[in-house]
Amino acid sequence: MTAKPVLNRAHFHTSVAQLRDLPYSRAEIAFAGRSNAGKSSAINLLTRINRLAYTSKTPGRTQLINFFTVDADTYLVDLPGYGYAKVPPAVKAKWEGLLSRYLQERDALAGMVLIMDARHPLTPLDRQMLDWFTPTGKPVHILLSKADKLSNGERALTLRRVKQELSALPHVSVQLFSSLSRLGAEDATTLLENWFSQAQQGEPEPAEAQNASSTQKESPDHTKDRG
Ligand code: GDP
């Protein structure tokens, strides 16, 4: 399948600290992950724009939701990294409030890419992100990052274990990924391009209807029926 060149048009749009400042959006895909999991490297590789996501790492932006335009009113969203060893309770509370409400309530959000270090997958905060987001019925794609640091056997085992752990969740997919070796980059790009084009097209449709019809293509943007 030939991917439409949407991702490589990404450019910085805005940063927001509170939900009322979120921009108007037709569709967006959010990247989440523990700090240092390799989220910025993944975004840079997938957009093929070096240093794009490091914009989100400039001082003052690390706790913000950063929006990158990929098409008209369509965004790749870089969520603040989590899991810093020492976080003051007030900062943690603010993060929880912002992230949980964004993931649960953002109608334009079509799907979440969750980056987890393949050597330490499914930390409590990774599970927290899944707990907030999966009830929406929208898809989650997990990149098991830094897979180049594992042997072939370890990779296969990790992939199998993570899939098994999450097998009860219907809209979660998992793949191995490495920004260094580019392992899995093509698969991830194709998936994202599909999510974006599906979210931009077609009428929103509830997850139940997607499950009911095997002939219909999955449309992640089914949320406008929600308040
Ligand atoms: P973020 O905090 O999640 O945005 O993580 P970064 O993308 O900044 O990566 C954190 C560190 O891990 C950096 O030193 C990267 O060079 C390194 N890193 C990121 N992705 C990979 C990868 O696929 N393989 C290896 N070996 N190192 C990586």
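**Close-ups of a predicted model**

**View 1. Strand E5 lies alongside strand E6.** Strand E5 (residues 109-117) runs parallel to E6, and six bridges join the two. One pair to look for in this predicted model is aspartate 117, which sits opposite serine 145 of E6. To get from one strand to the other, the chain goes through helix H3 (residues 124-133), and E5, H3 and E6 together make a right-handed β-α-β unit.

**View 2. Strand E6 also pairs with strand E7.** Here the partner is E7 (residues 172-176), again in the parallel sense, with five bridges between E6 and E7. Isoleucine 142 faces valine 174 of E7 across the pairing. Helix H4 (residues 152-165) belongs to this part of the fold too: E6, H4 and E7 make a right-handed β-α-β unit.

**View 3. Both sides of E6 are covered.** What happens to the side chains of this strand? Val140, Ile142 and Leu144 point one way, His141, Leu143 and Ser145 point the other way, and all of them are buried. That is six of six residues in E6 (residues 140-145), so the strand is largely enclosed by the rest of the structure. Note that His141 and Ser145 are on the buried list along with the others.

**View 4. Alanine 37 sits in a loop, but is it buried or exposed?** The loop in question connects strand E2 (27-33) to helix H1 (39-47). Alanine 37 counts as buried because 26 other C-beta atoms lie within 10 Å, and the cut-off for that label is 20 or more. Which residues does alanine 37 touch, once those up to four places away in sequence are set aside? They are Ile115, Met116, Asp117 and Ser145. Take methionine 116: along the sequence it is 79 residues from alanine 37, yet their C-alpha atoms are 5.6 Å apart in space. Two of the names here should look familiar from View 1, where aspartate 117 stands opposite serine 145.

**View 5. Helix H2 has a buried side and an exposed one.** H2 (residues 89-105) has 17 residues and spans 24 Å from its first C-alpha to its last, close to the 24 Å expected at 1.5 Å a residue. Leu99, Tyr102 and Leu103 are buried in this helix. Looking down the axis of H2, you find its buried residues within an arc of 90 degrees, so they line one face of the helix. They pack against strand E3 (65-71), E5 and H3. Turned away from that buried side is a face carrying the exposed residues Pro89, Ala90, Ala93 and Gly97.

**View 6. Phenylalanine 31 is among the best-connected residues of the core.** The largest nonpolar core has 53 residues, and those with the most contacts inside it are Ile29, Phe31, Leu76, Val77, Leu114, Ile142 and Leu144. E5 supplies the largest share of this core, with seven residues. Zoom in on phenylalanine 31 and, neighbours within four places in sequence aside, you can pick out its contacts with Lys39, Ile43, Leu76, Val77, Asp78, Leu79, Val113 and Ile115.

**View 7. Stepping back to the chain.** The chain has six helices and seven strands, and starting from the N terminus they come in the order β-β-α-β-β-α-β-α-β-α-β-α-α. Of its 227 residues, 38% are buried. Among contacts between residues at least 6 apart in sequence, 71% join residues at least 24 apart.

Terms used:
Residues numbered from 1 in each chain as written. Predicted model: local features only at pLDDT ≥ 70, side-chain atom pairs only at ≥ 80, totals over all residues. Buried ≥ 20, exposed ≤ 12 C-beta atoms within 10 Å, placed from the backbone. Helix = DSSP H or I, 4+ residues; strand = E, 2+ residues; numbered from the N terminus. Pairing = 2+ DSSP bridges. Right-handed = clockwise from strand over helix to strand, strands pointing away. Contact = placed C-beta atoms within 7 Å. Expected span 1.5 Å × (residues − 1). Arc of directions from axis to C-beta. Core = buried A, V, L, I, M, F, W, Y, C linked by C-beta atoms within 7 Å.
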